[in-house]
Amino acid sequence: SEALNMRISSTQYFTMNVATMSDQQAQLSQLYAQISSGVSLSTPSDNPLGAAQAVQLSSTATTLAQYTSNQNTALASLQLESTTLGSVTQVLQKVHTLVLNAGDGALNNGDRGSIATELQSLRSQLMTLANATDPQGNYLFAGYQSSAQPYNTNSAGVVTYSGDTGIPAVQITDSHLVQTSDNGTSIFSSVAPIGTSSVPAGAAANTGTGVIGTVSLNNPTDPTNNNTYSINFSSSTTYTVSQTDPATGAVTTSGPQAFTAGSAITLGGQSVTISGAPNAGDSFSVTPATQGSMDVFANLSQLISTLQSPISGGASTASYQSALVTSMTQLENTINNVVTATATVGGRSQEVQALQKVTQNNTLQTASNLSDLTQTDMIKTVGKYTLAQNALQAAQQAFVKIQNLSLFQYLN
């Protein structure tokens with residue numbers, strides 16, 4: 001067979017070697033740039049797959065940074081609300097103490113008027129707290145209308161709410177949306193679903209000395225606890241009970257029952273006592289808390305009015321005492337609602353704090369992964385640089401030696 005001989009011209013040889021050394025020089029320059037800048041991935045062409053991963057990690061880092069900011073904002077808001085609600089509870093407890101004092105039979109009209117004055121001051125304090133703001137000037141209890149003061153007093157002296165029932169919330173992780181505050185209605189004009197008592201009251205037109213007591217809950221699951229009850233006296237010793245179903249409006253009235261002062265009167269799953277001596281035509285009511293007045297400011301105003309009204313014994317004293325029982329029950333329902341709300345706010349704060357730790361760990365891991373992709377591994381890269389430098393020097397030396405070889409040198 002005929003042998004095939006391939007000849008390489010000097011021009012081809014020169015071109016091939018120059019190209020090889022040029023590639024080595026480019027690699028050396030790239031490694032030097034990575035060492036000097038500390039960045040191993042400056043352009044997508046450096047590592048297309050790594051560049052795609054880096055873009056995704058950068059996006060994740062941006063999202064986590066936003067969640068971190070949202071968590072900090074949410075936690076600050078919740079902690080401020082918790083502190084404010086604690087102050088609200090303290091004011092309401094002072095009111096509670098004053099109502100207890102107001103029941104002292106030794107007080108005269110002047111004493112009761114003094115208590116009313118103290119209550120007016122506490123109502124003002126409560127209103128100030130209801131208009132509390134965060135460091136940015138946003139009202140805590142205005143719902144979505146956080147730029148406008150939610151509670152104001154109109155020309156008639158009535159406290160009005162101009163906020164809304166919105167529930168501000170913020171996204172703190174991909175899957176968690178946390179409520180950052182409560183609107184005024186849910187705090188100052190609502191009652192909690194648990195721990196709330198029905199509200200007893202005596203009719204303003206009563207002429208006897210009957211005084212209604214607080215309501216006892218005997219069977220919480222009885223559906224008729226949601227009914228409104230009216231105890232109507234046909235004589236000083238006989239009464240009937242009418243109950244109204246709020247869903248249908250249907251009224252059911254019992255037959256006449258014998259009255260014994262201080263004995264329990266059963267109202268579905270509840271019971272109540274009436275002391276003293278009611279007259280014929282007197283009536284008393286028991287209303288579920290959600291169907292009566294839940295506005296703490298309106299209830300306080302009514303309490304202040306009760307204390308400011310002179311009493312002269314007999315029916316007026318009985319009406320006053322029943323009114324105090326009504327006010328006390330409403331107040332305790334409000335305190336229970338605020339305490340419940342405070343506990344809920346605390347739970348949300350704990351949730352945010354737990355997710356802060358998760359987000360912090362994810363942020364650190366993302367930063368580490370991004371650094372592994374984009375930052376120069378100095379030990380590894382310096383090693384590569386040294387090898388590339390040695391390879392380039394060797395190639396340059398070999399090229400020079402081979403280039404100097406010539407047939408004429410051998411002939412000479």
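User: What makes strand 6 and strand 13 a pair?

Analyst: Good place to start! Keep in mind that this is a predicted model. To call two strands paired, we need at least two bridges between them. Strand 6 (residues 211–212) and strand 13 (residues 270–275) are joined by 2 bridges, so they meet that cut-off. Their sense is antiparallel. You can find one match by eye: Ile212 has Ile274 as its bridge partner in strand 13.

User: Which residue of strand 13 stands opposite Leu217?

Analyst: Leu217 faces Gln270 in strand 13. Strand 7 (residues 216–217) runs antiparallel to strand 13, with 2 bridges joining them. Because at least two bridges are needed, this counts as a pairing too.

User: How many bridges do strand 12 and strand 13 have, and what is special about Gly268 in their hairpin?

Analyst: Strand 12 (residues 264–267) and strand 13 are antiparallel and share 4 bridges. One facing couple is Ala264 and Thr273. The hairpin leaves 2 residues between the strands, and Gly268 has a positive phi near 65° there.

User: What joins strand 8 to strand 9?

Analyst: Two descriptions apply. The strands, residues 228–235 and residues 238–244, run antiparallel with 7 bridges, and a hairpin of 2 residues connects strand 8 to strand 9. Ser230 is found opposite Ser242 of strand 9.

User: How many bridges join strand 9 to strand 10, and how many join strand 9 to strand 11?

Analyst: There are 3 bridges to strand 10 (residues 251–253) and 2 bridges to strand 11 (residues 257–258). With at least two bridges required, each of these therefore counts as a pairing. Both run antiparallel to strand 9. Thr244 stands across from Val251 in strand 10, while Thr238 stands across from Ala258 in strand 11. The hairpin of strand 9 and strand 10 has 6 residues in between, and Gly249 in that turn has a positive phi of about 80°.

User: Why do Glu81 and Arg348 count as a salt bridge?

Analyst: Let's begin with the idea: side chains of opposite charge can pair when their charged atoms come close. The cut-off is a side-chain nitrogen within 4 Å of a carboxyl oxygen. In this pair the closest N and O atoms are 3.9 Å apart, so the pair passes. Glu81 belongs to helix 2 (residues 48–102) and Arg348 to helix 6, so the salt bridge ties together parts that are 267 residues apart in sequence.

User: How do you know whether Glu81 is buried or exposed?

Analyst: Compare its accessibility with the cut-off: buried means under 20%. Glu81 has 1% relative accessibility, so Glu81 counts as buried. Arg348 has 10% relative accessibility, so Arg348 counts as buried as well.

User: Which residue besides Glu81 forms a salt bridge with Arg348?

Analyst: That is Asp182, with its closest N and O atoms 3.1 Å from those of Arg348. Being within 4 Å, this pair therefore qualifies as well. Asp182 sits in the loop between strand 4 (176–179) and helix 4 (184–188), 166 residues from Arg348 in helix 6. Asp182 and Arg348 are both buried. Through shared partners, Glu81, Asp182 and Arg348 form one network. The whole structure holds 2 salt bridges.

User: How many cavities does a search of the whole structure find, and what lines the largest cavity?

Analyst: The search finds 3 cavities of 30 Å³ or more. About 60 Å³ of space lies in the largest cavity. Helix 5 (296–308) and helix 6 (315–374) are the elements that give two or more residues to its lining. Among the lining residues are Val296, Leu300, Gln330 and Thr334. By class, the lining has 4 nonpolar, 4 polar and no charged residues.

User: How much space lies in the largest pocket, and what classes of residue form its lining?

Analyst: The largest pocket holds about 450 Å³ of space. It is lined by 20 residues, with Pro193, Thr196, Ser198, Leu217 and Asn226 the closest to its centre. The lining has 10 nonpolar, 9 polar and 1 charged residues. Leu217 is a residue you have already met, opposite Gln270 in strand 13.

Conventions. Residues are numbered from 1 along each chain as its sequence is written. This is a predicted model: local features need pLDDT of at least 70, side-chain atom pairs count only at pLDDT 80 or more; totals for chains, interfaces and linings use all residues. Side-chain values use heavy atoms; hydrogens and water are left out. On a 1 Å grid over the protein atoms alone, a cavity is a set of points where a 1.4 Å probe fits but cannot get out, and a pocket is an open set with protein on both sides within 12 Å along at least five of seven lines; lining residues have an atom within 4 Å of a point. Grid points are joined across faces, edges and corners, and a volume is the space filled by probe spheres set on the points. Ala, Val, Leu, Ile, Met, Phe, Trp, Tyr, Cys and Pro count as nonpolar, Asp, Glu, Lys and Arg as charged, and the others, Gly among them, as polar. Buried means under 20% relative accessible area, exposed over 50%, partly exposed in between (1.4 Å probe, protein chains only).
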